[in-house]
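Visitor: Hi! Could you walk me through this one?
Guide: Happy to; here it is.

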Amino acid sequence: MTPAERDALLTGPLADLPDPAEVVASERVFDGRVWDVRRDTFRFGGQDVVRDYVDHTGAVAVLARDDEGRVLVINQYRHAIRTRDWELPAGLLDVEGEDPLEAAKRELAEEADLVASDWSPLIEVATSPGGSDEIIRVFEARGVSAAPDEFVRTEEEAEIVLRWVPLAEAVEAALAGRIRNSILLVAVLAAHARG
């Protein structure tokens, strides 16, 4: 980094800075069922650095709001943390070529049997940039109604519980530490901040 680049970081508007390092080698070291682990060697600061990270497809999530301003949360078992956590309807960008907004619409229908007439981007989140390239795009959905078809859910999704809560209640639960799902936290706090 040059002194001018460092100065720009310190004095300019707070924003992430794209800075793609030269990748000199890359290999998949683990081929997983949902995502893989990749090992990259890249040049940074005049030296070669090796890092392993989760090579993720990306994902979408939906903050659905009803006419009363309540938000839809779902409760689902998550084995990695051995918890039934509250979260948003969400899913992987695992259909090749699928537009993220279309994926969000699909996930809302599949996980909550809902459709919405009004969609807008809410926020994008890099979930764990030190160890994963996952980016989640969160959309806000309004004008919510029942989907024409109900979906059959299996595995962890078989026991999804849906609940509509006032946005203020979700924010209070986030700030009190009663909910921990990062995407839910970021989305309800962003929606609250935007009013």
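Guide: We can go from the overall chain to a helix and then to two polar side chains. Keep in mind that this is a predicted model.

Visitor: Sure. How many helices and strands does the protein chain have?
Guide: The protein chain has four helices and ten strands. Along the sequence the pattern reads α-β-β-β-β-β-β-β-α-β-β-β-α-α.

Visitor: And what does the C-alpha trace span?
Guide: About 55 × 40 × 30 Å along its principal axes. The chain has 195 residues, and 34% of them count as buried.

Visitor: What share of the contacts links residues 24 or more positions apart?
Guide: Such pairs make up 56% of the contacts with a separation of 6 or more.

Visitor: What about the surface, how much does the protein chain expose?
Guide: About 12,100 Å², with carbon and sulfur atoms supplying 52% of that.

Visitor: And how many positive and negative side chains are there?
Guide: There are 21 positive and 39 negative ones, and the centres of the two sets lie 4 Å apart.

Visitor: Let's switch to helix 3. Which of its residues are buried?
Guide: In helix 3, which runs over residues 167-175, the buried ones are L167, A170, V171, A173 and A174. Viewed down the helix axis they fall within an arc of 160°, so they line one face of the helix.

Visitor: Which residues are exposed on the other side of helix 3?
Guide: A168 and L175 are exposed there.

Visitor: OK, and what covers the buried residues of helix 3?
Guide: The cover includes strand 5 (70-78), strand 10 (161-166) and helix 4 (182-194).

Visitor: What follows helix 3?
Guide: G177 comes after helix 3, and its phi is positive, near 80°.

Visitor: You mentioned strand 5. Is N75, which is found in that strand, buried or exposed?
Guide: N75 is buried, at a relative accessible area of 8%, and the cut-off for buried is under 20%.

Visitor: Which side chain does N75 join in a polar contact?
Guide: That of R84, at 2.7 Å. Setting aside neighbours within four places in sequence, N75 is also in contact with D85, W86, E159, I160 and V161.

Visitor: Last one: where is R38?
Guide: R38 sits in strand 2, residues 36-44. The side chains of R38 and D55 are joined by a polar contact of 3.2 Å.

Visitor: What else does R38 touch?
Guide: Not counting residues up to four places away in sequence, R38 touches S26, E27, R28 and V29, along with R51, D52, Y53 and D55.

Conventions:
Residues are numbered from 1 along each chain as its sequence is written. This is a predicted model: local features need pLDDT of at least 70, side-chain atom pairs count only at pLDDT 80 or more; totals for chains, interfaces and linings use all residues. Side-chain values use heavy atoms; hydrogens and water are left out. Helices (H or I, at least four residues) and strands (E, at least two) are DSSP runs, numbered from the N terminus. Buried means under 20% relative accessible area, exposed over 50%, partly exposed in between (1.4 Å probe, protein chains only). Contact means heavy atoms within 4.5 Å. Accessible areas come from the Shrake-Rupley method with a 1.4 Å probe; for residues, only the protein chains shown count as cover. Lys and Arg count as positive and Asp and Glu as negative; His and the chain ends are not counted. The place of a charge is taken as NZ of Lys, CZ of Arg, CG of Asp or CD of Glu. A polar contact is a pair of N or O atoms within 3.5 Å; within protein, one must be able to donate a hydrogen and the other to accept it, and residues adjacent in sequence count only if both atoms are side-chain atoms. The arc is that of the directions from the helix axis to the C-beta atoms.
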